[in-house]
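The exercises below are meant to be worked through with the sequence and the 3D view side by side. Each one gives a task and then a solution in steps.

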Amino acid sequence: MAPKNRVILDTDPGVDDVLAMMLALSASPEDLELAMISVTYGNVPLQSSISNKSNNWRGSLSDTQDRPDSCLRNVVSLFHVLGEEMEWRKKVGKPTYGALQAFKPIVALGAEHPLEDEILMADHFHGADGLHGVHEKLPHLSPGDTWRELFENDTTAEVKAEPAAAPEAAYTTPFFIASKEPAHKEMLRLLKESPPDTITICAVGPLTNVALAAAEDTETFLRCKELVVMGGAVDVEGNITPQAEFNCYADAVAAARVYALTSPNPASTMPPTIHGKSTLGAYPKNLSRRLKLTLFPLDITTPHELRQEFFNAKVQPLLEAKSPLAEWSETFLKGTFNKILSILGDNPHGIEPGLSLHDPMTIWYMLTRDNPAWKNAGKLEDIRVETCGQWTRGMHVVDRRPWAKPADTDSTVATHSSDPLNDELQFDEIPGDALGWLQSHMGNRINRIVSSPGVDLFPKLLIKQVFAAE
């Protein structure tokens, strides 16, 4: 029996990204198949030790081979630790990861830098390796260096230096398929080979990979059932600037381009070009359908926190029982909680540190999307991304003027429109409607989540399912 949901997870693996992957891999195979992990930069560098000279979205091995392992290493290490954990659980009689054993996701490398902006990292929060030094602290839970060879192509092999010592045995894994193709091309291949509306993309990092796929083959990209995005800040402050959330700020142009595909007229919200030229160009005209984009901004994700005392209490018995996953996770989560305490400063009120479960919420939504407790804003919203502002780049902009808008009459959240879309920009004579904020055939149509099945419920479910904690 096919799973209810097939998911591509586009991720920049830092702390909460790894928790999202754990949640997906621990799901029942009847509920979710993690079909692909599309890896991008963001919290830390992608993986500069691997390159593809034919792909402009990756760096050069010869220029960057001394930079640290990062996002890709964290993905491979997670599978390595889960392999150890599965063996331990079989011995002690604990439930194993269903989706991990039932499916074998593709792991593919994507963009190393934004489309048009300077690269931005969040290693100040996640640590230089994205997981607060877990690889150095727990070398026995890290894979051998030969895992890199899984992702190398012929071009890479030509420039790789000869090893100084005898080569290690080739790395093998039963848990994933390493791709030598760029992530956005693998994304398009999966969508093309699958029936329409059967794959959902959960994007929990900068949207560069998604924007590349959408630009290269827009009609194939629009075969996805839904794009679930963790990003943005609508009615709350940002977490990287006063206005912007990190993922959207890291590649505001990519976010604006992807959001534009929700519009009846994508040209109406596309980002302005730099010096008259866009990196990726315009979308084709008369697209067959619109993108359904479900947004999880900081407004909804920030309050869902994993608290330090709760985590410690649940994981301590597992640490004493020698759970590899508990040991690995406790190490980087301890670093995370310590970082949060340092951000709180003197903390005169004794606030307990809590990790906001931003990225795992998208997977929770996939597993429980039929739960009526998930609430959206009540209508599709025209949310646009600022790409040019000196102080507001990455800001999610909405029209808060109390003016009648024809688009307000459409309160449905349709999966896709079956009407061909007209990409010709036409501005009607509406006073005060510069750039088409009041016209029903312009603007984005975003499905924003505003309520979940429970702020306190989610961390309990996460810990129970991921760690098999009592």
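A residue is called buried when its relative accessible area is under 20%, exposed when that value is over 50%, and partly exposed in between. The model used throughout is a predicted one.

**Exercise 1. A threonine in a helix**

Task: Decide whether Thr331 is buried or exposed, and find which backbone oxygen its side chain reaches.

Solution. Begin with the location, which is helix H15, a helix that covers residues 324-344. Next take the relative accessible area of Thr331, which is 13%; because this lies under 20%, Thr331 counts as buried. Then follow the side chain of Thr331, which reaches the backbone oxygen of Glu327 at 2.8 Å. Finally, when the neighbours within four places in sequence are left aside, the residues in contact with Thr331 are Val134, Lys137 and Leu138.

**Exercise 2. A lysine in a loop**

Task: Describe where Lys180 is found, and list the backbone oxygens that its side chain reaches.

Solution. The first step is to place Lys180 in the loop that runs between strand S4 (177-178) and helix H8 (183-193). The second step is accessibility: Lys180 has a relative accessible area of 40%, so it is partly exposed. The third step is to trace the side chain of Lys180, which reaches the backbone oxygen of Leu150 at 3.3 Å and the backbone oxygen of Glu152 at 2.6 Å. Both of these residues also appear among the contacts of Lys180 beyond four places in sequence, which are Glu149, Leu150, Phe151, Glu152 and Asn153. As a last step, look at Ala108, whose C-alpha atom is separated by 6.9 Å from that of Lys180, although the two residues are 72 residues apart along the chain.

**Exercise 3. The second largest cavity**

Task: State how many cavities of 30 Å³ or more the structure holds, and work out which helices and strands each supply at least two residues of the lining of the second largest cavity.

Solution. The count of cavities of 30 Å³ or more is two, and the second largest cavity encloses about 40 Å³ of space. Its lining is made up of Gly205, Leu207, Val229, Met230, Gly231, Gly232, Asn247, Cys248, Ala255 and Tyr259. Setting these numbers against the helices and strands, one finds that strand S6 (226-230), helix H11 (246-250) and helix H12 (252-260) each supply at least two of the lining residues. Sorting the lining by class then gives six nonpolar residues, four polar residues and no charged ones.

**Exercise 4. Positive phi values**

Task: Find where Asp197 and Asn286 are placed, and give the phi value of each.

Solution. Start from the general expectation, which is that most residues other than glycine have a negative phi. Asp197 has a positive phi near 65° without being a glycine, and its place is in the loop between H8 and strand S5 (199-203). With a relative accessible area of 31%, Asp197 is partly exposed. Asn286, which is not a glycine either, has a positive phi of about 55°, and its place is in the loop between H12 and strand S7 (293-296).

**Exercise 5. An enclosed helix and two exposed residues**

Task: Explain why helix H16 is described as largely enclosed, and then decide whether Ala313 and Lys464 are buried or exposed.

Solution. Helix H16 spans residues 360-368, and seven of its nine residues are buried, so the helix is largely enclosed by the rest of the structure. The buried residues in question are Pro360, Met361, Thr362, Ile363, Trp364, Tyr365 and Met366. Turning to helix H14 (residues 308-320), where Ala313 lies, the relative accessible area of Ala313 is 55%, so this residue is exposed. Lys464, in helix H17 (residues 457-467), is likewise exposed, with a value of 58%. The C-alpha atoms of Lys464 and Lys314 are separated by 8.7 Å, with their positions 150 residues apart along the chain.

**Exercise 6. The whole chain**

Task: Find how many helices and strands the protein chain has, and what share of its residues is buried.

Solution. The protein chain contains 17 helices and 13 strands. Of its 470 residues, 57% are buried. Among contacts with a separation of 6 or more, 84% are between residues 24 or more positions apart.

Notes
Residues are numbered from 1 along each chain as its sequence is written. This is a predicted model: local features need pLDDT of at least 70, side-chain atom pairs count only at pLDDT 80 or more; totals for chains, interfaces and linings use all residues. Side-chain values use heavy atoms; hydrogens and water are left out. On a 1 Å grid over the protein atoms alone, a cavity is a set of points where a 1.4 Å probe fits but cannot get out, and a pocket is an open set with protein on both sides within 12 Å along at least five of seven lines; lining residues have an atom within 4 Å of a point. Grid points are joined across faces, edges and corners, and a volume is the space filled by probe spheres set on the points. Helices (H or I, at least four residues) and strands (E, at least two) are DSSP runs, numbered from the N terminus. Ala, Val, Leu, Ile, Met, Phe, Trp, Tyr, Cys and Pro count as nonpolar, Asp, Glu, Lys and Arg as charged, and the others, Gly among them, as polar. Buried means under 20% relative accessible area, exposed over 50%, partly exposed in between (1.4 Å probe, protein chains only). Contact means heavy atoms within 4.5 Å. A polar contact is a pair of N or O atoms within 3.5 Å; within protein, one must be able to donate a hydrogen and the other to accept it, and residues adjacent in sequence count only if both atoms are side-chain atoms.
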